[in-house]
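Work through the exercises below with the model open. Try each task before reading its solution.

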Amino acid sequence: MVLVGILIVSFFPVANAALTAESAVQSTESSVPPNQTLLVSTQGASVEFGAGIFSFNRSSDRIIWKWTDCPNKCFDVDPLGDGETLFVSKTGEKKPFQINGSDSYNWKATHLNRSTGEIYRQFSVPPETHDIDYLGDGRYIVANKILHDSAEQAWLREAKRQGWINESRETHSHLVYIYNATSDEIVWEYRFVDHFPKNAGDGYANDYTHLNDVDVVDNGSAVLLSPREFDRVVLIDKETKETRWTLGAEDEYSTLHEQHNPVLLSNSPPTVLVADSGNDRIVEYTRRNGSWKQTWIYKNELRWPRDADRLPSGNTLIVDTGNDRVIEVTPDGEIVNTTEIAQAPYDAEIAGLGDEPQGPPMYEIRGSDTNTSTEQVSSVESLQRVWLDYHFTASWILPTWVDPIAFGSMHFSILSFGGLSSCGLDTIWRSSVLYR
Ligand SMILES: [Ca+2]
Ligand SMILES: [Ca+2]
Ligand SMILES: [Ca+2]
Ligand SMILES: [Ca+2]
């Protein structure tokens, strides 16, 4: 690890230039048609560079608006019409405090107008919140994935001391809740621990659900949930909180492997389009007579994709996190648009189409449930992918300039110094996995 450190430090002037290249600003979006405006959130890297909410002119690929007041980790972004935007992120407003030895910030949901810059609402949410959706009438549904109770209690204490939340606020870790911002109250909640065993997923004392998406569907009567660590998508009845159906099962990776951002394309028959991140693919499933059938797959060169939306045209908008880009693909797997954006993009939306558009399911486009795989990976590409995956995992803790080629040079140099430190590589692996 020491040698890796020496090599990183020797390149520091280059890395430092990259770190200071961008400052945190909010600009005002120019007049680009909403259907040509692509909104993208980026998580950034552990070196605290590159996180933000950006909008692009899809015709020119130019950034036309940005919000970078987040030290790192911007997650969900939702266009709400007429320039209104909702997103969730860390904020640079307050100094970090400690939860279980790691820094945490004042995480906030921000509801603003990109055209005018006016902030309608901004309020604290639990650390690491990945998704929030606006339900109207001042109500928001929040995917609270804060770690176990002790971390949450630490956050509650600090948030009350800082005045970020009111004194009577109570939450419960691994919880979905509806927050009424007008009355400053939690008005509905679903606790995972009431419905799943404590040893499910990553375990209740750890990252348990890693809940990354929540959508209110079926005319407001049901909620779609994405507990990543459970390898499944769950539809619950909002009133009874009973499970209506489940797609996938824990550790059954052939269906889903630590998925992100599912979208319900059809309620009847149930049809789900989802970024199957751990399997490096996008998949669509339709449920008939109680069993799921895979009706679409897009894999090709994807690396850890985390978002997929079906556009009204039948094309699919994909956030290819590991390749730092957003692509649009046809049902036959042809890429028709690419936007490159560094630093781990998380969510993408086309402003004129609203949040997570639910375009036609494949059974409607094709007229049947037939699946046409678009997976085309040769053995040479497989080896390449192993290396790229290894570099991608390490990239969470390496400076941004260390691309796969520089990463290879580092390994060569380390070997030349007289031996590769397996301890060092193990440290890279563990640190980077913890970060995401
Ligand atoms: Ca979104
Ligand atoms: Ca959302
Ligand atoms: Ca959502
Ligand atoms: Ca999206």
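The exercises cover two metal sites and a disulfide.

This is a predicted model, in which local features need pLDDT of at least 70, side-chain atom pairs count only at pLDDT 80 or more, and totals for chains, interfaces and linings use all residues. Residues are numbered from 1 along each chain as its sequence is written, chains are lettered from A and ligands numbered from 1 in the order in which they are written, and side-chain values use heavy atoms, with hydrogens and water left out.

**Exercise 1.** Which protein donors hold the calcium ion (ligand 3), and where in the chain do Asp133 and Asp215 lie?

*Solution.*
1. Apply the cut-off: donors are N, O and S atoms within 2.8 Å of the metal (3.2 Å for Na, K and Ca); water is not among the atoms, so sites may look incomplete.
2. List the donors. They are Asp131 (OD), Asp133 (OD) twice, Asp213 (OD), Val214 (O) and Asp215 (OD), at 2.1 to 3.0 Å.
3. Read the spacing of the donor residues: D-x1-D-x79-D-V-D.
4. Place the pair. Asp133 is in strand 10 (residues 131-136) and Asp215 in strand 14 (residues 211-217), 82 residues apart. Strands here are DSSP runs (E, at least two residues), numbered from the N terminus.
5. Check burial, meaning under 20% relative accessible area (1.4 Å probe, protein chains only). Asp133 is buried at 7%. Asp215 is buried at 8%.
6. Look for a neighbour. The calcium ion (ligand 1) is 5.9 Å from the calcium ion (ligand 3).

**Exercise 2.** Which residue bridges the calcium ion (ligand 4) and the calcium ion (ligand 1)?

*Solution.*
1. Start with the donors of the calcium ion (ligand 4). Asp307 (OD) and Asp309 (OD) each appear twice, joined by Asp347 (OD), Ala348 (O) and Glu349 (OE), at 2.3 to 3.1 Å.
2. Along the chain these donors are spaced D-x1-D-x37-D-A-E.
3. The bridge is Asp347, and the two ions lie 4.3 Å apart.
4. Asp309 sits in strand 22 (residues 307-310) and Ala348 in strand 26 (residues 345-350), so the pair ties together parts 39 residues apart in sequence.
5. Asp309 is buried, at 0% relative accessible area. Ala348 is also buried, at 0%.

**Exercise 3.** How many disulfides does the structure hold, and why is the one between Cys70 and Cys74 given its handedness?

*Solution.*
1. Count pairs of cysteine sulfur atoms within 2.5 Å. There is one disulfide.
2. Cys70 is joined to Cys74, S to S 2.5 Å.
3. The torsion about their S-S bond is about -85°, so the disulfide is left-handed.
4. Both Cys70 and Cys74 are buried.

Technical notes. Helix = DSSP H or I, 4+ residues; strand = E, 2+ residues; numbered from the N terminus. Buried < 20%, exposed > 50% of the residue type's maximum accessible area, 1.4 Å probe, protein only.
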